[in-house]
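Trainee: Please choose one residue inside this model, look at it closely, and then show me how its surroundings lead out to the rest of the chain.

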Amino acid sequence: MIAYFRGLVIGLAYVAPIGMQNLFVINSALAQPRRRALLTAAIVTLFDISLAFACYFGIGALVERFVWLQRVVLLAGGGIVIWIGTGLLREKPSLDRTVDMGIPLPKIAAKAFVVTWINPQALIDGTMLFGSFRINNPGMAGTQLILGSATASFLWFFGVTILISCFSARFNDKLLRIINVVCGGIIILYGGKLLWQFFQMIL
């Protein structure tokens, strides 16, 4: 269970920063009735979890077999994860309350797919983060980590949607900035851990 909760914390730090996915969900919650906004959150969550599992069972399974590839993923992944974290510390996200979200459900699903699966940054970040899960936590521990991360996606997207639906007037750019700073710090620490493990492997 410790691995599960660690995956939950890392998963929240990974999914919470305000990027394309979150702005899509936030704008949906601001512009749509709560029931439809929750349906949008469910679609985004499904795509997000499917991407995490694909990264974990795809590149994660591959790097588990080759020591040299493990070193590459730890070094590159640690550097990229730290870069992501520092980027979050600098970024100043903003809300757009003028976005028209009154579109048919199939188009919402298509947009949710694009901001998740056709987002190069999400593919790179997910590959490095969830691939490293398999390296550092073989067997059941790795499975618990990815399940914890999947739970984080569910809790975050539904939580944000409900929170914004109830308190949309109080949700502002300053709060988005605080979320990014906290998550950026957690992600930088995780990236540092990956680099430390890389140096341990080569020494």
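Mentor: Let us begin with A112, which, when residues up to four places away in sequence are not counted, touches F24, I43, V44 and F47, contact here meaning heavy atoms within 4.5 Å. Before going further, please keep in mind that this is a predicted model, in which local features need pLDDT of at least 70 and side-chain atom pairs count only at pLDDT 80 or more, while totals for chains, interfaces and linings use all residues. Residues are numbered from 1 along each chain as its sequence is written, and side-chain values use heavy atoms, with hydrogens and water left out.

A112 sits in helix 6, where helices are DSSP runs of H or I with at least four residues, strands are runs of E with at least two, and both are numbered from the N terminus. With a relative accessibility of 0%, A112 counts as buried; buried means under 20% relative accessible area, exposed means over 50%, and partly exposed lies in between, with a 1.4 Å probe and protein chains only. One of its contacts, F47, is 65 residues away in sequence, yet the C-alpha atoms of the two are 7.4 Å apart in space.

A112 also belongs to something wider, the largest nonpolar core, which has 19 residues and in which V44, A112, W156 and F157 have the most contacts; such a core is a set of buried Ala, Val, Leu, Ile, Met, Phe, Trp, Tyr and Cys residues joined through side-chain atoms within 4.5 Å. At least two residues of this core come from each of helix 2 (20–31), helix 3, helix 6 (105–117), helix 8 (140–167) and helix 9 (173–202), and the largest share, 5 residues, is supplied by helix 3. For F157, leaving aside neighbours within four places in sequence, the contacts are V15, Q21, N22, V25, A41, V44, T45 and D48. Apart from this core lies another, of 17 residues, including Y56, L88, L129 and Y190.

Since helix 3 has come up repeatedly, consider it next. Its 24 residues reach 34 Å from the first C-alpha to the last, close to the 34 Å expected at 1.5 Å a residue, where the expected span is 1.5 Å times one less than the number of residues. The buried residues of helix 3 are A37, T40, A41, I43, V44, T45, F47, D48, L51, A52, C55 and Y56. An α-helix has 3.6 residues a turn, so residues three or four places apart point the same way. T40, for instance, has a relative accessible area of 1% and is buried, and beyond the residues up to four places away it touches F24, S28, Q32 and I108. N27, in helix 2, is likewise buried, with a relative accessible area of 10%, and its C-alpha is 9.4 Å from that of T161, although 134 residues separate them in sequence.

Helix 3 also borders an enclosed space. The structure holds 2 cavities of 30 Å³ or more, a cavity being a set of points on a 1 Å grid over the protein atoms alone where a 1.4 Å probe fits but cannot get out, with lining residues having an atom within 4 Å of a point; points are joined across faces, edges and corners, and the volume is the space filled by probe spheres set on them. The second largest cavity takes up about 30 Å³ and is lined by Y14, D48, L51, A52 and F130, with helix 3 (residues 34–57) giving the largest share of the lining, 3 residues.

Finally, step back to the whole chain, which contains 9 helices and 0 strands, and in which buried residues make up 46% of the 203 residues. Among contacts with a separation of 6 or more, 89% join residues 24 or more positions apart. I10 of helix 1 offers one more example, as its C-alpha is separated by 9.3 Å from that of L129, 119 residues away along the chain.

Methods
On a 1 Å grid over the protein atoms alone, a cavity is a set of points where a 1.4 Å probe fits but cannot get out, and a pocket is an open set with protein on both sides within 12 Å along at least five of seven lines; lining residues have an atom within 4 Å of a point.
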